[in-house]
Amino acid sequence: MLNRRRFITLIPVAAIGILGATSAQAQEKLSETDPTGQALGYKEDATKVDVKKFAAYKAGNNCAGCALYSGKAGAVNGPCSAFGGKLVTAKGWCSAYAKKA
Ligand code: SF4
């Protein structure tokens, strides 16, 4: 059984664990098999986009140039706000693409 002092010392440890789990979830990678990703035609490699189905795709467009992408310049991947902050590849693409201003 936990005494009061032991319980109080465990609270910060539990809080760090919860924050760590939240942070890990935010860094989850978006899979091409994700139902929303599939609906939006997400591909980790933009050159693999089904252009018959997603005619809006233009060669050269990719996540790194999308306003919804917040990865660092030169990073392999970064968070996408269209997918709740999941990581998308810089060279990927989906039909929610919006060119950065
Ligand atoms: S919304 Fe933009 S950054 Fe997100 S997956 Fe689509 S093209 Fe990439």
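## Exercises on a predicted model

Among contacts in the protein chain between residues at least 6 apart in sequence, 55% join residues at least 24 apart. The model is predicted, and the exercises below work from its chain to its ligand shell and then to single residues.

**Exercise 1. Describe the order of helices and strands in the protein chain, and state what share of its residues is buried.**

Solution. Begin with the elements: the protein chain contains 2 helices and 2 strands, and, followed along the sequence, they give the pattern α-α-β-β. Then turn to burial, where 26% of the 101 residues in the protein chain are buried.

**Exercise 2. Decide where the model calls for caution, using the pLDDT.**

Solution. Start from the whole protein chain, which has an average pLDDT of 84, with 74% of the residues scoring at least 70. Next, look at residues 9–21, where the pLDDT is below 50 and where the stretch has 0 contacts in the model beyond near neighbours in sequence. Where pLDDT is low, the predicted coordinates should not be read in detail.

**Exercise 3. Characterise the residues around the ligand, and trace which of them recur in the largest nonpolar core.**

Solution. First take the shell by class: 12 of its residues are nonpolar and 1 is polar, while none is charged. Of the 13 residues around the ligand, those that come nearest are C63, C66, Y69, C80 and C94. Now compare this with the largest nonpolar core, which has 18 residues, and in which L30, C63, Y69, C80, F83, V88 and W93 touch the most other members. C63, Y69 and C80 appear in both lists. Finally, follow Y69 itself, which, once its neighbours within four places in sequence are left aside, is in contact with C63, A64, G78, C80 and V88. As background, nonpolar side chains tend to be buried together in soluble globular proteins.

**Exercise 4. Is K58 buried or exposed, and how is A75 classed?**

Solution. Locate both residues first: K58 is found in the loop between α2 and β1, and A75 lies in the loop between α2 (35–39) and β1 (77–79). Then count neighbours. K58 is exposed because 12 other C-beta atoms lie within 10 Å, and the limit for that class is 12 or fewer. A75 is partly exposed because 13 other C-beta atoms lie within 10 Å. As a last step, consider distances from C-alpha to C-alpha: K58 and W93, 35 residues apart in sequence, are 10.0 Å apart in space, whereas A75 and A90, 15 residues apart in sequence, are 7.0 Å apart.

Conventions:
Residues numbered from 1 in each chain as written. Predicted model: local features only at pLDDT ≥ 70, side-chain atom pairs only at ≥ 80, totals over all residues. Near = placed C-beta within 6 Å. Nonpolar A, V, L, I, M, F, W, Y, C, P; charged D, E, K, R; others polar. Core = buried A, V, L, I, M, F, W, Y, C linked by C-beta atoms within 7 Å. Buried ≥ 20, exposed ≤ 12 C-beta atoms within 10 Å, placed from the backbone. Contact = placed C-beta atoms within 7 Å. Helix = DSSP H or I, 4+ residues; strand = E, 2+ residues; numbered from the N terminus. pLDDT = per-residue confidence, 0-100.
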